[in-house]
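Let's take a walk through this one together, helix by helix. Keep the view open and turn it as you read.

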Amino acid sequence: MNSFSENFEFTSFWTLELETMIENPTRIIGLVIVLGAVVAAIIYGGGQEKFLDMPSLLLVAIIGVGNVIGAKGDDSILTKFGDGCVRGGWIGLLIGLILIIDAPIFASMNVPALGAAMSVGMLPLFYGYTLKFLSMQID
């Protein structure tokens, strides 16, 4: 039976990925363009504080790591992580919708509060697809 460290050679994986990215600078340029576009859209769209929610990010990242550890198949670590993050984003969205529908603001139809709650509820999906896209760019 293989140990965890034998199954997941993180050090050699990242060394290989870094060497591959340095040898192919178009991957680095593409990654910088994508990150720049997302950050610019966030800043010019109203500010980064609207896009920061640590519980949502932790939920998505933890599900992504769990998918890396538990998923079967020959996909790379980054592919498994990205796929898990997308699934985590959808799970986070469903959790957010359930919590919003159960809240008193939904029963009272407080529209401004519902809008704010929906925007936070959609953040896990944003995080999941953003991490998936970044993992595709790096992989």
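Helix H4 passes helix H5 in a right-handed crossing. The term works like this: a crossing is left-handed if the near helix is turned anticlockwise from the far one by less than a right angle, and right-handed if clockwise. Helix H5 covers residues 77-102, and H4 packs against H5 at an angle of about 135°, with the two axes 7 Å apart. That makes H4 oblique to H5; angles under 35 degrees count as roughly parallel, over 145 as roughly antiparallel, 65 to 115 as roughly perpendicular, and the rest as oblique. The axes here are lines fitted to C-alpha atoms, for helices over the stretch in contact, and the angles run from 0 to 180 degrees between N-to-C directions.

A quick word on what you're looking at: this is a predicted model, where local features need pLDDT of at least 70 and side-chain atom pairs count only at pLDDT 80 or more, while totals for chains, interfaces and linings use all residues. Residues are numbered from 1 along each chain as its sequence is written, and side-chain values use heavy atoms, with hydrogens and water left out.

Now zoom out for a moment. The protein has 7 helices and 0 strands, so to speak an α-α-α-α-α-α-α run from the N terminus on. Helices (H or I, at least four residues) and strands (E, at least two) are DSSP runs, numbered from the N terminus. Of the 139 residues of the protein, 29% count as buried. Buried means under 20% relative accessible area, exposed means over 50%, and partly exposed is in between, with a 1.4 Å probe and protein chains only.

Back to H4, which has another partner. H4 and H7 pack at an angle of about 40°, with their axes 9 Å apart. That makes H4 oblique to H7 as well, and this crossing is right-handed. As for its length, the 17 residues of H4 should span 24 Å at 1.5 Å a residue, and the end C-alpha atoms are 24 Å apart, which agrees. The expected span of a helix is 1.5 Å times one less than its number of residues.

Which residues of H4 are buried? They are Ser56, Val60, Gly64, Asn67 and Val68. These residues cover an arc of only 110° around the axis, which puts them on the same side of H4; the arc is that of the directions from the helix axis to the C-beta atoms. Turn the helix around and the face away from its buried side carries the exposed residues Met54, Pro55, Ile62 and Gly70. There's a handy rule behind such patterns: an α-helix has 3.6 residues a turn, so residues three or four places apart point the same way.

Helix H3 can be read in a similar spirit. H3 has 20 residues and reaches 28 Å from its first C-alpha to its last, close to the 28 Å expected at 1.5 Å a residue. In H3, the buried residues include Arg27, Gly30, Leu31, Val34 and Ile42. They cover an arc of only 100° around the axis, which puts them on the same side of H3. The face turned away from that buried side carries the exposed residues Thr26, Val32, Ile33 and Tyr44. After H3 comes Gly46, whose phi is positive, near 140°.

Pick out Leu31 in helix H3. At 14% relative accessibility, Leu31 counts as buried. Its C-alpha atom is separated by 9.6 Å from that of Phe133, although the two are 102 residues apart along the chain.

Finally, look for the aromatic rings. How many aromatic pairs does a search of the whole structure find? It finds 2. The rings of Phe51 and Phe126 have their centres 5.4 Å apart and their planes at 55°, so the pair is tilted. Rings of Phe, Tyr and Trp (its six-membered ring) pair if their centres lie within 6.5 Å; planes under 30 degrees apart count as stacked, over 60 as edge-to-face and the rest as tilted. This pair links distant parts of the chain, 75 residues apart: Phe51 sits in the loop between H3 and H4, and Phe126 in helix H7. Phe51 is partly exposed at 25%, and Phe126 is partly exposed at 28%. The rings of Phe126 and Tyr127 have their centres 5.9 Å apart and their planes at 50°, so this pair is tilted too. Tyr127 is buried, with a relative accessible area of 9%. Together, ring pairs link Phe51, Phe126 and Tyr127 into a cluster.
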